Amino acid sequence: ILNGDATSGITIIKMDEGLDTGPILSQASIKLEKTWTAGILFSKISTLGANLLIPTLKKYIKGEIKPAPQNESQASYVGKVKKNNGKINWSNSAKFIERQTKAMNPWPGSYTKTNSPAG
């Protein structure tokens, strides 16, 4: 959401020693709607993953899936979201601020500070 991507997705992997580095068993993607917040996306993607897990496991157990290595050049690591990720920088574009408020909803939320005295 924050990057303005058109899609998101899930990948079911066979775990190995690394962090999210195992071979791919299955994948699914979802089109991001412009009105979605991170909370909505979490709900949608959780359902997407849950619906893909059982069929993937059944096919894997039957030997119908050949695990595929991940393309390391496309791998990225997303760090933990922190409270300060919600602070609005008003020098950013309006489009970025809109995406930021959606990406940080429900947590950590968006906020700003002013030097104005409380009225």
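These exercises work through two helices and two pockets of a predicted model.

Residues are numbered from 1 along each chain as its sequence is written, and side-chain values use heavy atoms, without hydrogens or water. Local features need pLDDT of at least 70 and side-chain atom pairs count only at pLDDT 80 or more, while totals for chains, interfaces and linings use all residues.

**Exercise 1. Check the length of helix α1 and find its kink.**

Step 1. Helices are DSSP runs (H or I, at least four residues), as are strands (E, at least two), numbered from the N terminus. Helix α1 covers residues 38–61, which is 24 residues.

Step 2. The expected span is 1.5 Å times one less than the number of residues. For α1 that gives 34 Å. The end C-alpha atoms are 33 Å apart, so the two agree.

Step 3. Take the bend at a residue as the angle between axes fitted to the seven residues ending there and the seven starting there. A kink of about 30 degrees sits at Leu 53, shortly before Pro 55.

Step 4. Look just past the helix. Gly 63 has a positive phi of about 80 degrees.

**Exercise 2. Identify the buried residues of α1 and α2, and their partners.**

Step 1. Buried means under 20% relative accessible area, exposed over 50%, partly exposed in between (1.4 Å probe, protein chains only).

Step 2. In α1, the buried residues are Leu 41, Ile 45, Gly 49, Leu 52 and Thr 56. An α-helix has 3.6 residues a turn, so residues three or four places apart point the same way.

Step 3. Contact means heavy atoms within 4.5 Å. The buried residues of α1 pack against β1 (7–13) and β2 (24–31).

Step 4. In α2, Ile 97, Gln 100, Lys 102 and Ala 103 are buried. These pack against α1.

**Exercise 3. Describe the largest pocket, then the second largest.**

Step 1. On a 1 Å grid over the protein atoms alone, a pocket is an open set of points where a 1.4 Å probe fits, with protein on both sides within 12 Å along at least five of seven lines; lining residues have an atom within 4 Å of a point. Points join across faces, edges and corners, and volume is the space filled by probe spheres set on them.

Step 2. The largest pocket has a volume of about 1600 Å³. Its lining holds 39 residues, with Ser 8, Gly 9, Ser 76, Tyr 77 and Val 78 nearest the centre. β1 gives the most, seven residues.

Step 3. The second largest pocket has about 360 Å³. Its lining has 13 residues, and α2 (residues 94–103) supplies the largest share, four.
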